Structure formats: C-alpha cells, structure tokens
Amino acid sequence: MKLDIKIKQGLGDILFDTPIEDIVAVLGEAKEVETIDNVDDMPTTIMRYGDDVSLFFEGDNPTLTCIDIADEDCTLFGEEVFDMNEKEIVALMVSNNYFEQDADTEDWGERRISFPEGNIDFFFEDDELMSIIIGK
C-alpha cells in the first residue's frame, strides 16, 4: 500500500470514517489493539501496525478518525516528508495553501507544528520529523 497522506481524507487507501472491520479486511489484524473507554469521552480503539502506523477508531460503532504515522516512506503532496526539516515542511504546507499554524513544545520534549485547517500535526526532535498525526 502506498503511504500517501491525504489531508482530511486518510493515508493511501485507508480513509477516515471506515469501520474497523473494513480496515482489518485490507490491512489484516493489527499487531496490538488497545481500547480506551472513558466515561467523559467516546470509546476509542487504537490499532497499531508495528511502530510506524497507529489507527484510532472512535464511537459506539467505531470508525477511523485519526492516524499516527512514523513510516519514513510516506509522502505528503508527493514529497517524502520524513526527509524534510521543520522549515521545509512549513514551506510545503504553505505552498499548498495551509497558512494557519501553531507551534508548541510538548511535555515530553518534542516540538509540535500544527496546521488546524488540515487537521495535521508534525512532531520534531532536534529538527528531525519523528511522527505525523492526521485527523478527519
């Protein structure tokens, strides 16, 4: 499967709002499955496919709502984004009309650059991209 990030749509052939069963039919069983059932929040199921891709499903009839990607072979707008530094990624996003951005340092030390219009967050450690989180 080609790991092409499609903002607000998904990753390659894995699309948001897809039920768990349909994802398993395409990707097979996850290496690890975790269920979080908080009283205040919707039930969440996290399916981890190795260290590189985690899929988050929410709701009583769980559908895909979020993807955490650390696979160095993934692309964004046709570019191999894990080969880029923070400045290059910001330039890529701006050149694709995602102007609004927010930056912060997480408690665990990674720097986060968010583009709220695209529901996408980039996490850096020492200016090296570590992971990307995309949502619908």
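Trainee: Where is Glu 86 found?

Mentor: Glu 86 is found in helix α2, which covers residues 86-95. Keep in mind that this is a predicted model.

Trainee: Why is Glu 86 counted as buried?

Mentor: Look at the value. Glu 86 has 15% relative accessibility. Buried means under 20%. The value falls under that cut-off, so Glu 86 counts as buried.

Trainee: What makes the link between the side chains of Glu 86 and Arg 111 a polar contact?

Mentor: The distance is 2.9 Å. The cut-off for a pair of N or O atoms is 3.5 Å, and one atom must be able to donate a hydrogen while the other accepts it. The pair is within the limit, so the name polar contact applies.

Trainee: Which residues is Glu 86 in contact with, leaving aside its neighbours within four places in sequence?

Mentor: They are Arg 111, Ile 113, Phe 124 and Asp 127. Contact here means heavy atoms within 4.5 Å.

Trainee: Now the loops. What is notable about phi of Lys 8?

Mentor: Phi of Lys 8 is near 65°. That is a positive value in a residue other than glycine. Most residues other than glycine have a negative phi. Lys 8 lies in the loop between β1 (4-6) and β2 (10-11).

Trainee: Why is Lys 8 called partly exposed?

Mentor: Its relative accessible area is 44%. Partly exposed lies between the 20% and 50% cut-offs, so the term fits Lys 8.

Trainee: How do you know that Asn 97 counts as exposed?

Mentor: Asn 97 has 53% relative accessibility. Exposed means over 50%, so Asn 97 qualifies. Asn 97 lies in the loop between α2 and β10 (102-105), and its phi is near 70°, a positive value.

Notes: Residues are numbered from 1 along each chain as its sequence is written. This is a predicted model: local features need pLDDT of at least 70, side-chain atom pairs count only at pLDDT 80 or more; totals for chains, interfaces and linings use all residues. Side-chain values use heavy atoms; hydrogens and water are left out. Helices (H or I, at least four residues) and strands (E, at least two) are DSSP runs, numbered from the N terminus. Buried means under 20% relative accessible area, exposed over 50%, partly exposed in between (1.4 Å probe, protein chains only).
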